[in-house]
Amino acid sequence: MNLARASIGLVFCIVFVASYFTNKYVLSVLKFTYPTLFQGWQTSIGTLLLWVTAKLGWVEINDFPRSGAVTWLPGSVLFVGHIYAGSKALSILPIPVFFVLQNVSEVVFFLIVKLSQRERSSWMKIFSENVMLLSAVTLVLHNPEFGPIGYLWAIIHLFCVGAYRVIQRSSKSSQLSEAEQQFFNYVVGMLLLASAAYPTGDLYSSLEFPLLMSHQFHSSVFASALFGFSLTLASVKLKSLLSLTHCAVCFFLAKIVASALSVLIFSVELSSVTLFCILINHAGEVMSINSDRIHMK
């Protein structure tokens, strides 16, 4: 069992890095910045592949009740919001900077839960949330070249991620399994993004994309969808085998590896202040994980 857990953790880290790198390549290197089409393609492929894996028995997706689908609908809308905004932000921000701002979603989650459920928090948890928030603010102020558009989309992304986690945590969402939630997310995302392609102008603008007919573009977009679905499948398996704390550790390690490798692969130049903010932010993330571990005992 320990070997199985370690294996799924390793697979998760690999597909996590591969998914972010292929997305970054398509968005920033190839400059295909049409999120309704790019994310619409990924959710369409995700819907198809998740349905196929369910038929093969790799994941379990039942005929969930209408009440469960209606209850989960706000979560699916937030899912679409966070992948759309995340795509826009990732096209502008370097991966290490993107992860620092994404970590602030933990602060959003913490504040919503604390205000709505009146939960008591340890000093370590409060301190770690402040560390992540202040380091992110300092990073933004020190790197104005990525704003305001990049930071605006990152803020929308982190608020959607934080609110999505709150809905996932609620008792009502337990009517659907993790795989069922993701399948519903894919279907809603496919429908919403397809309907938004024309009014946003992405549909016609993409026809002028210079690499539209190139094999390089086709293979990159195909790989992004495949790795994106693999990440979803690995996440579902990870959460079924590991505790929340161990899952958080896997996410943390995957982000560290992706950030470090992205500096080399995408030739990212980070100032000493930016690097310090990144390190402090992830240190706050470690403290937050440790605080949650202690709270669960």
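In the predicted model, Ser220 is located in helix 10, which spans residues 215–241. With a relative accessible area of 11%, Ser220 falls under the 20% limit and is therefore classed as buried. A polar atom of the Ser220 side chain lies 2.7 Å from the backbone oxygen of Gln216. When residues up to four places away in sequence are not counted, Ser220 touches Tyr25, Val26 and Leu30.

Helix 10 also holds Ser224. The relative accessible area of Ser224 is 0%, so this residue is likewise buried. Apart from neighbours within four places in sequence, the contacts of Ser224 are with Thr22, Asn23, Phe38, Trp41 and Gln42. Of the residues named here, Thr22 and Asn23, which touch Ser224, belong to helix 1 (residues 2–29), as do Tyr25 and Val26, which touch Ser220. Both serines of helix 10 thus have contacts with helix 1 under the 4.5 Å heavy-atom criterion.

The nonpolar interior was examined next. The largest nonpolar core comprises 46 residues, and those with the most contacts inside it are Phe12, Phe16 and Leu93. Helix 1 is the main contributor to this core, giving 10 residues. Leu93 is in contact with Lys24, Phe98, Leu101, Phe146, Gly150, Tyr151 and Ala154, leaving aside its neighbours within four places in sequence. Another core, of 20 residues, lies apart from the largest one; Val59, Phe79, Tyr164 and Phe184 are among its members.

Helix 8 covers residues 178–196 and contains Val187. Val187 has a relative accessible area of 23%, which lies between the 20% and 50% limits, and it is therefore partly exposed. In space, the C-alpha atoms of Val187 and Ser44 are 7.4 Å apart, although the two residues are separated by 143 residues in sequence.

The loop between helix 8 and helix 9 (202–205) is the place of Tyr198. Tyr198 has a relative accessibility of 53% and so counts as exposed, the limit being over 50%. Together with Leu203, Tyr204 and Leu207, Tyr198 makes a nonpolar surface patch of about 470 Å². Within this patch, Leu203 and Tyr204 fall in the residue range of helix 9.

Note on methods. Residues numbered from 1 in each chain as written. Predicted model: local features only at pLDDT ≥ 70, side-chain atom pairs only at ≥ 80, totals over all residues. Heavy atoms only, no water. Patch = residues over 30% accessible without salt bridge, like charges linked within 9 Å, V, L, I, M, F, W, Y side chains within 5 Å. Areas by Shrake-Rupley, 256 points an atom, 1.4 Å probe, with all protein chains shown as cover. Salt bridge = Lys/Arg side-chain N within 4 Å of Asp/Glu carboxyl O. Helix = DSSP H or I, 4+ residues; strand = E, 2+ residues; numbered from the N terminus. Buried < 20%, exposed > 50% of the residue type's maximum accessible area, 1.4 Å probe, protein only. Polar contact = N/O pair within 3.5 Å; in protein donor to acceptor, adjacent residues only side chain to side chain. Core = buried A, V, L, I, M, F, W, Y, C linked by side-chain atoms within 4.5 Å.
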